[in-house]
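Grab a pencil and work through these short exercises on charged side chains. Each task comes with a solution that goes step by step.

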Amino acid sequence: MLYDLIIVGQGIAGTVLYDHLKDKFKNIVIISNTNFVDSTKVASGVYNPISLRRCVLSWKINQIMPISLSYYQKLQKEINQNIIFPLNIIKLFFNKSDLDMWKVKQNNTEVGKYIKEIYNKIDYKNLNKNLGGALISPSGYVDINLIREFFLNKMKEKNIFLNEKFDYSSLKINSSIIKYKHIQAKKIVFCEGDRGLLNPFFNEKMFNPCKGEVITIKTSKDFSLKHILSKEVFILPKKTNVFQIGSTYDRDYNSRNKTDQAKDFLIKKLDKILNLDYKVISHKSSIRPTVIDRRPIIGSHKKHQNMYIFNGFGSKSVTLVPYFAKLFSYNLSINKPMITEVNPYRFNEKLTF
Ligand SMILES: Cc1cc2nc3c(=O)[nH]c(=O)nc-3n(C[C@H](O)[C@H](O)[C@H](O)COP(=O)(O)OP(=O)(O)OC[C@H]3O[C@@H](n4cnc5c(N)ncnc54)[C@H](O)[C@@H]3O)c2cc1C
């Protein structure tokens, strides 16, 4: 059988891309190794329109966010389970000059439309320091693992999912056909997350991966949080008295494994924000597929026009992936190149930009 398309990697990128392509291409096969602890397994799933540290808009957010959020809302109805959890963020201030700066940003810049309120005091009694904060909306989190699970089951039902490590040396490609072991296809799209570094067909130097760790805590007494709190780390309410604390950003890592150092860092930052009794009930780590200019990498291979990459969603896959899956799936179906900003060959020879 000749497949229309092979997708390699079923993290959130490969999954949402599959959802956008499944009606455009009849025969798709997905190859992914479910044993890897990928970034999707570890991500908190938060979406947020603003870079909270610098109080600036995220890249193209006015265009991207409405399309991505409406995708999740539509999918939520289809899946018939909650996958999107709108939850405003409170960015906690460090000092009075923080408060003044955010007020100016709210009134005088484009960021202002996402800053719904500035508080002099926050209404949570467990805060160690109450120096006010900014209310950000729309924001919240998406259960990306539920989305992945939903589509994985569909793929298994259709018998189009191969759970194995993709072996690049078994790929034979010419301008009209791709052969991978016993599979023949017209096109192939790589969505391997940070393991895209190992893909010999695309330049590994585009990637600047970033390790991240998160912990989950359970409080010993009832503590109700109706927002995501953010101050160096975020505190994300997940279930009754259960919160996720994240994340670390480490570009200098030696292994993918979780570390006591990162756990201690998160605990220290959490204790600085809130006065709570809790125990840590889980601790996870993985690697974000970050790119040197912090933009995704989407498009075809220079020589092999039937080979594509859909990767580089860094720390913002929840917001970026549905928007770019929509754009890329359309372009792929009519053989149109992607916008230059995400083109895999946008970097110069020295791989700067
Ligand atoms: C601690 C942490 C917190 C995060 N929090 C957020 C957040 O709040 N919001 C947000 O938007 N993003 C967050 N992220 C980032 C987010 O996790 C990533 O952007 C996203 O998961 C990337 O998805 P992906 O599908 O591109 O890659 P991955 O999730 O890595 O998936 C790639 C898939 O490809 C498969 N694969 C790779 N190579 C092969 C091969 N050779 N053979 C077979 N299969 C292969 C892997 O098994 C994997 O399933 C966080 C990341 C971390 C680490």
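A salt bridge here is a side-chain nitrogen of Lys or Arg within 4 Å of a carboxyl oxygen of Asp or Glu. Keep in mind that this is a predicted model. By this rule, 11 salt bridges are counted.

**Exercise 1.** Work out which residues are linked with E232 in a network of salt bridges, and where E232 and K272 lie.

*Solution.* Start with the pair E232 and K272: their side chains meet at 3.7 Å, N to O, and the cut-off is within 4 Å, so the pair counts as a salt bridge. Next, place the partners: E232 sits in the loop between strand 16 (228-231) and strand 17 (233-239), while K272 belongs to helix 6 (residues 260-273), so the pair ties together parts 40 residues apart in sequence. Then check accessibility: E232 is partly exposed at 46%, and K272 is exposed at 54%. Finally, bring in K269: E232, K269 and K272 form a network of salt bridges.

**Exercise 2.** Find how D100 and K96 are placed relative to each other in helix 4.

*Solution.* Both residues lie in helix 4 (residues 96-108), 4 residues apart, or about one turn of the helix. Their side chains form a salt bridge at 3.0 Å, N to O. For accessibility, D100 is partly exposed at 32% and K96 is exposed at 58%.

**Exercise 3.** Are D293 and R346 buried or exposed?

*Solution.* First the contact: D293 and R346 form a salt bridge, with the closest N and O atoms 2.7 Å apart. The pair links distant parts of the chain, 53 residues apart: D293 is in the loop between strand 19 (278-288) and strand 20 (297-300), and R346 is in the segment after helix 7 (317-333). As for accessibility, both D293 and R346 are buried.

Terms used. Residues are numbered from 1 along each chain as its sequence is written. This is a predicted model: local features need pLDDT of at least 70, side-chain atom pairs count only at pLDDT 80 or more; totals for chains, interfaces and linings use all residues. Side-chain values use heavy atoms; hydrogens and water are left out. Helices (H or I, at least four residues) and strands (E, at least two) are DSSP runs, numbered from the N terminus. Buried means under 20% relative accessible area, exposed over 50%, partly exposed in between (1.4 Å probe, protein chains only).
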